[in-house]
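This report describes a protein chain from its overall layout down to single residues. Please look at the sequence and the structure before reading on.

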Amino acid sequence: MQLLIMDDEASVVNTLALTVQWEDSGIEEVHTAYSAHDALKIAARNSIDIMITDIRMPEMSGLELIEVMRSYSRKTRCIILTGHDEFEYAKKAMSYQTLDYLLKPIDYAELIASVQRAVEQIEEEWREVASFQRIQQTLRANLPLLRAQLLNDLLRNKSMAPDQ
């Protein structure tokens, strides 16, 4: 899984990227960005699974960034990490389906738990997709047999329930 950490405060980005053992949470690659423009460039080149972003930044707000990121992938999980505890921001973040709205100073345990929840959600989606694909594959493999059985039943004039 790929994580993008985006904040206009380089110290926040660097501290998170270098001090947290992200691989323990299932993160294979950590990308860092210090502006929304950089974050979008990274997202255009990489499949970002989880993004941590600030909310107030000079060129684009974190909410605007999330909206643009959704055009790259609707599946990207977003976590807001900000020093602003204004209700309107939190309300808007909910409408953008952010996973969490965390406040600075950073509670590392809370942030790691949030990332782990995101990883679990993504893995569950992958399991569901894999299960659906197995069902489709099984149906495709057995479709000739099912058709033959149906044709055989019809030729024998076997009665069928209306729902069949």
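## A loop with a cis bond

The model is predicted. A good place to start is P105, a residue in the loop between β5 (100-103) and α5 (108-155). K104 is found in that loop between β5 and α5 as well. The peptide bond that joins K104 and P105 is cis, with omega at about 0°. As a general point, most peptide bonds are trans.

K104 has contacts with residues far from it along the chain. Leaving out residues up to four places away in sequence, K104 touches D7, E9, V12, D54, L81, T82 and G83. A148 gives a contrasting picture: K104 and A148 are 44 residues apart in sequence, and their C-alpha atoms are 65 Å apart in space.

## The chain as a whole

The protein chain has five helices and five strands. Along the sequence they follow the pattern β-α-β-α-β-α-β-α-β-α. The radius of gyration is 23 Å, whereas the globule rule gives 15 Å for 164 residues, so the chain is more spread out than a compact globule. Taken along the principal axes, the box filled by the C-alpha atoms is roughly 75 × 35 × 30 Å.

Of the 164 residues, 35% count as buried. The protein chain exposes about 10,300 Å², and carbon and sulfur atoms supply 52% of that area. Among contacts with a separation of 6 or more, 63% come from residues 24 or more positions apart.

## The sheet

In what order do the five strands of the open sheet lie? The order is β2-β1-β3-β4-β5, and the pairing is parallel. The edge strands, β2 (29-33) and β5, each pair on one side only. From one strand to the next, the twist averages 20°. In general, strands of a sheet pair through backbone hydrogen bonds, and the pairing is either parallel or antiparallel.

## Strand β3 and its neighbours

Strand β3 covers residues 50-53, and both of its faces are covered. I50 and I52 lie on one side, M51 and T53 lie on the other, and all four are buried. For a residue, buried means that its relative accessible area is under 20%.

Strand β1 (residues 2-6) pairs with β3 in the parallel sense over four bridges. Across this pairing, I5 stands opposite I52, and T53 is the bridge partner of M6. The pairing of β3 with strand β4 (residues 77-82) is parallel too, over four bridges. Here I79 in β4 is the bridge partner of I52, while C78 in β4 stands opposite M51. I52 therefore appears in both pairings, facing I5 in one and I79 in the other.## Strand β4 and its neighbours

Is β4 largely enclosed or open? Six of the six residues of β4 are buried, so this strand is largely enclosed by the rest of the structure. R77, I79 and L81 point one way from β4, and C78, I80 and T82 point the other way. Two of the β4 residues, L81 and T82, are also among those that K104 touches.

Four bridges join β4 to β5, and the two strands run parallel. In this pairing, I80 stands opposite Y101 in β5.

## Helices that link the strands

Helix α3 (residues 62-72) joins β3 and β4 in a right-handed β-α-β unit. α3 lies across β1, β3 and β4, and runs at about 160° to β3. A right-handed β-α-β unit is also made by β4, α4 and β5.

## A positive phi

The loop between α4 (87-95) and β5 holds Q97. What is the phi of Q97? Phi is positive there, at about 60°, although Q97 is not a glycine. In general, most residues other than glycine have a negative phi. Q97 is exposed, and its relative accessible area is 64%. The cut-off for exposed is over 50% relative accessible area.

Terms used: Residues numbered from 1 in each chain as written. Predicted model: local features only at pLDDT ≥ 70, side-chain atom pairs only at ≥ 80, totals over all residues. Heavy atoms only, no water. Buried < 20%, exposed > 50% of the residue type's maximum accessible area, 1.4 Å probe, protein only. Pairing = 2+ DSSP bridges. Right-handed = clockwise from strand over helix to strand, strands pointing away. Rg over C-alpha atoms; globule rule 2.2 N^0.38 Å. Contact = heavy atoms within 4.5 Å. Areas by Shrake-Rupley, 256 points an atom, 1.4 Å probe, with all protein chains shown as cover. Axes fitted to C-alpha atoms, helices over the stretch in contact; angles between N-to-C directions.
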